[in-house]
Amino acid sequence: METTTDTGARDEEAVSRFVERFASQLTEAGMQRMASRVFAALLASDGGAMTSAELSLALQISPAAVSGAVGYLTQVNMVSREREPGSRRDRYVLHNELWYETFTRRDQVLTLWERTLREGAAGLGPDTPAGTRIAETAAFFEFLQGEMLAMMDRWRVHRATLDL
């Protein structure tokens, strides 16, 4: 394959560098290392989907490593498993509006945490240092949720203006 981008062909070396760099950043942010690499490879694939064999080859990792990574990514709803038409092989597919869905799920976690923190603050007493600290944390999560929902609404409006 041509390795220049003059004709619009993919520069596989540049793609590989991107995958490893972004995967490293995801790992630093707390995602499992292999899951980060598999996710970045799927993100960089033109179709947003790859088979286990394709991922193994692209990342030079074992099928078992792919399986573990995909298990994690499926569990956190970042990818889904689909049967390849006319085959027994599965394809691993990125969700449409991936980042929106990821942040929406994070919002659900924040709701749960906020509820638990409010209960904890009430149990500890509003006038205790721990109760005050926990109540402030709950208020922060409540604020964050409101801002995130408004931001996601603005994103949808902005996305409609993009020429992508």
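Student: What makes the pairing of the side chains of arginine 81 and aspartate 90 a salt bridge?

Tutor: In this predicted model, a nitrogen of arginine 81 and an oxygen of aspartate 90 are 3.8 Å apart. The criterion asks for a side-chain nitrogen of Lys or Arg within 4 Å of a carboxyl oxygen of Asp or Glu. The value of 3.8 Å lies within that limit, so the pair is called a salt bridge. As background, side chains of opposite charge can pair when their charged atoms come close.

Student: Why is arginine 81 called partly exposed?

Tutor: Its relative accessibility is 45%. Buried residues fall under 20% and exposed ones over 50%, so a residue at 45% belongs to the class in between.

Student: How many salt bridges does the structure hold, and which residues form a network of them?

Tutor: The structure holds nine salt bridges. Arg10, Glu12 and Asp46 are linked in a network. Within it, aspartate 46 pairs with arginine 10, their closest N and O atoms being 3.2 Å apart. Since 3.2 Å is within 4 Å, this pair also qualifies as a salt bridge.

Student: Why is the pair of aspartate 46 and arginine 10 said to tie together separate parts of the chain?

Tutor: Aspartate 46 is placed in the loop between helix H2 (33-44) and strand S1 (49-51), whereas arginine 10 is in the segment before helix H1 (12-28). The parts that the pair joins are therefore 36 residues apart in sequence.

Student: What are the accessibility classes of aspartate 46 and arginine 10?

Tutor: Aspartate 46 has a relative accessible area of 71%, which is over 50%, so this residue is exposed. Arginine 10, at 25%, is neither under 20% nor over 50%, and is therefore partly exposed.

Student: What is the place of alanine 44, and why is this residue counted as it is, buried or exposed?

Tutor: Alanine 44 belongs to helix H2. Its relative accessibility of 16% is under 20%, so alanine 44 counts as buried. Leaving aside residues up to four places away in sequence, alanine 44 touches Arg10, Val15, Phe18 and Val19. The C-alpha atoms of alanine 44 and valine 19 are 7.0 Å apart, while the two residues are 25 apart in sequence.

Student: What is the relation in sequence between glutamate 114 and arginine 118, and what makes them a salt bridge?

Tutor: Both residues lie in helix H5 (residues 98-124), four residues apart, about one turn of the helix. An α-helix has 3.6 residues a turn, so residues three or four places apart point the same way. The closest N and O atoms of glutamate 114 and arginine 118 are 3.2 Å apart, which is within 4 Å, so the pair is a salt bridge. Glutamate 114, at 12%, is under 20% and therefore buried. Arginine 118, at 36%, counts as partly exposed.

Student: Which residues make the nonpolar surface patch, and what makes leucine 112 eligible for it?

Tutor: Val109, Leu112 and Trp113 make this patch of about 280 Å². Leucine 112, placed in helix H5, has 48% relative accessibility. A patch residue must have over 30% relative accessible area, so leucine 112 passes that cut-off.

Student: How do you know that the span of helix H6 is close to the expected one?

Tutor: Helix H6 (residues 129-161) has 33 residues and reaches 48 Å from its first C-alpha to its last, close to the 48 Å expected at 1.5 Å a residue. Its buried residues are Gly131, Ala138, Phe141, Gln145, Met148 and Met152. Glutamine 145 has a relative accessible area of 9%, which is under 20%, so this residue is buried. The C-alpha atoms of glutamine 145 and glutamine 108 are separated by 9.0 Å, although the residues are 37 apart along the chain.

Student: What are the elements of the chain as a whole, and where is confidence lowest among them?

Tutor: The chain has six helices and three strands, running α-α-β-α-α-β-β-α-α from the N terminus. Mean confidence is lowest in H5, at 80, and highest in helix H3 (residues 52-59), at 95. Over residues 1-7 the pLDDT is below 50. Where pLDDT is low, the predicted coordinates should not be read in detail. The chain averages a pLDDT of 86, and 88% of the residues score at least 70.

Key: Residues numbered from 1 in each chain as written. Heavy atoms only, no water. Helix = DSSP H or I, 4+ residues; strand = E, 2+ residues; numbered from the N terminus. Buried < 20%, exposed > 50% of the residue type's maximum accessible area, 1.4 Å probe, protein only. Patch = residues over 30% accessible without salt bridge, like charges linked within 9 Å, V, L, I, M, F, W, Y side chains within 5 Å. Areas by Shrake-Rupley, 256 points an atom, 1.4 Å probe, with all protein chains shown as cover. Expected span 1.5 Å × (residues − 1). pLDDT = per-residue confidence, 0-100. Contact = heavy atoms within 4.5 Å.
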